[in-house]
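Student: I have this model open and would like to go through it with you. Can we start at the end of one of the helices and then move on to the ligand?

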Amino acid sequence: MSDASSLRPICITAVEELRQRVGRARREGRKVGLVPTMGALHAGHLSLVRASRAECGFTVVTIYVNPSQFGPSEDYRRYPRTLEADLDLLAGWADLVFAPENEAVYPPGFATWVDVGSVAEPFEGEFRPTHFRGVATIVLKLFNLVGADVAYFGQKDYQQARVVQRMVEDLNVPIELRVCPIVREPDGLAMSSRNVYLNPGERRQAAVLCQGLRMAENLVAEGCRDAGEIVARVRAAIQAAPDARIDYVALADPQTLRPVSAVEGRTVLLLAVRIGATRLIDNCILEA
Ligand code: AMP
């Protein structure tokens with residue numbers, strides 16, 4: 001008889017063991033998939049793991065709350081850490097979990113950083129100035145440590161996926177990237193490990209992010225193309241929630257993330273909103 005615990009993936013912390021286990025899978029001819037996460041896993045993460053499992057014979061999930069991608073006043077210390085529940089959720093889906101300690105990732109003397117250029121500068125880059133440097137550096141380290149064939153990211157973090165893609169192209173990193181759709185709660189809120197910070201009143205208000213995206217889709221479907229008008233309408237919809245404070249609502253080129261003045265072809269709508277003390281992001285692709 002098998003229960004969830006017997007199907008739980010092995011969880012390791014040592015780099016040497018990671019290399020050995022991945023090396024063995026590779027010698028067996030298995031394609032290796034990587035899903036980098038910060039843990040506190042939910043159905044959004046699991047969708048990436050399932051995508052890897054569908055394509056790869058060996059799926060590695062990394063769970064690491066990377067301190068270097070948090071700003072000094074951000075939530076690094078209180079970020080949810082739920083390793084046991086994460087391993088239960090991954091039972092039957094992941095082959096291996098790598099959950100390193102900080103000392104193994106950033107040993108004394110660590111001094112090399114990956115700075116991705118213009119796609120990392122606007123939006124999240126403006127509000128979280130050192131965030132993408134931390135993201136690009138840890139992601140490249142995980143790519144090097146795991147040596148996967150394919151890595152899976154969520155569209156939820158749209159700009160992050162663009163930053164990682166840019167880095168992979170610029171630095172000739174031998175890995176393929178897949179970007180998987182956003183998994184949402186029934187009211188449309190994008191699943192996020194940070195949603196647990198919301199109190200019940202804030203949680204109800206948080207649906208305005210997705211409502212703003214749907215409003216923009218409807219406007220475009222009705223023929224509206226003007227970025228200024230779309231942004232103004234989305235902002236007004238979000239501001240209807242009393243505890244919502246907008247960091248940005250913007251329309252941009254989906255590849256370069258440069259601002260656009262009109263929706264012509266594919267355009268990405270990006271938004272970041274604080275509901276009380278919790279900062280949430282969401283996005284959608286608009287097609288004229
Ligand atoms: P995180 O643990 O927040 O760093 O996220 C790890 C990966 O899961 C990233 O590639 C995210 O974009 C992805 N992810 C997070 N939330 C969702 C979601 N609701 N739907 C799809 N992917 C997600």
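Tutor: Gladly, and bear in mind that this is a predicted model. Helix H7 is followed by Gly 147, whose phi is positive, near 65 degrees.

Student: How many residues does H7 have, and how far does it reach?

Tutor: H7 covers residues 131–146, which makes 16 residues, and from its first C-alpha to its last it reaches 22 Å, close to the 22 Å expected at 1.5 Å a residue.

Student: And is H7 largely enclosed or not, and why?

Tutor: Of the 16 residues of H7, 13 are buried, so the helix is largely enclosed by the rest of the structure.

Student: Okay, switching to the ligand: which residues are closest?

Tutor: The ligand is surrounded by 17 residues, and the closest are His 45, Gly 154, Asp 157, Val 183 and Met 191.

Student: What polar atoms lie 2.9 Å from the ligand's oxygen atoms?

Tutor: A backbone N or O atom of Met 38 lies 2.9 Å from an oxygen atom of the ligand, and a side-chain N or O atom of His 45 is likewise 2.9 Å from a ligand oxygen atom. On the nitrogen side, a polar backbone atom of Val 183 is 2.9 Å from a nitrogen atom of the ligand.

Student: How much of the ligand's accessible area does the protein cover?

Tutor: On its own the ligand has 480 Å² of accessible area, and the protein covers 93% of that.

Student: Which elements give two or more residues to that shell?

Tutor: Those are strand E2 (32–37), helix H3 (43–55) and strand E5 (150–154), with H3 giving the most, three residues. By class, the shell has nine nonpolar, six polar and two charged residues.

Methods
Residues numbered from 1 in each chain as written. Predicted model: local features only at pLDDT ≥ 70, side-chain atom pairs only at ≥ 80, totals over all residues. Heavy atoms only, no water. Near = heavy atom within 4 Å. Polar contact = N/O pair within 3.5 Å; in protein donor to acceptor, adjacent residues only side chain to side chain. Areas by Shrake-Rupley, 256 points an atom, 1.4 Å probe, with all protein chains shown as cover. Helix = DSSP H or I, 4+ residues; strand = E, 2+ residues; numbered from the N terminus. Nonpolar A, V, L, I, M, F, W, Y, C, P; charged D, E, K, R; others polar. Expected span 1.5 Å × (residues − 1). Buried < 20%, exposed > 50% of the residue type's maximum accessible area, 1.4 Å probe, protein only.
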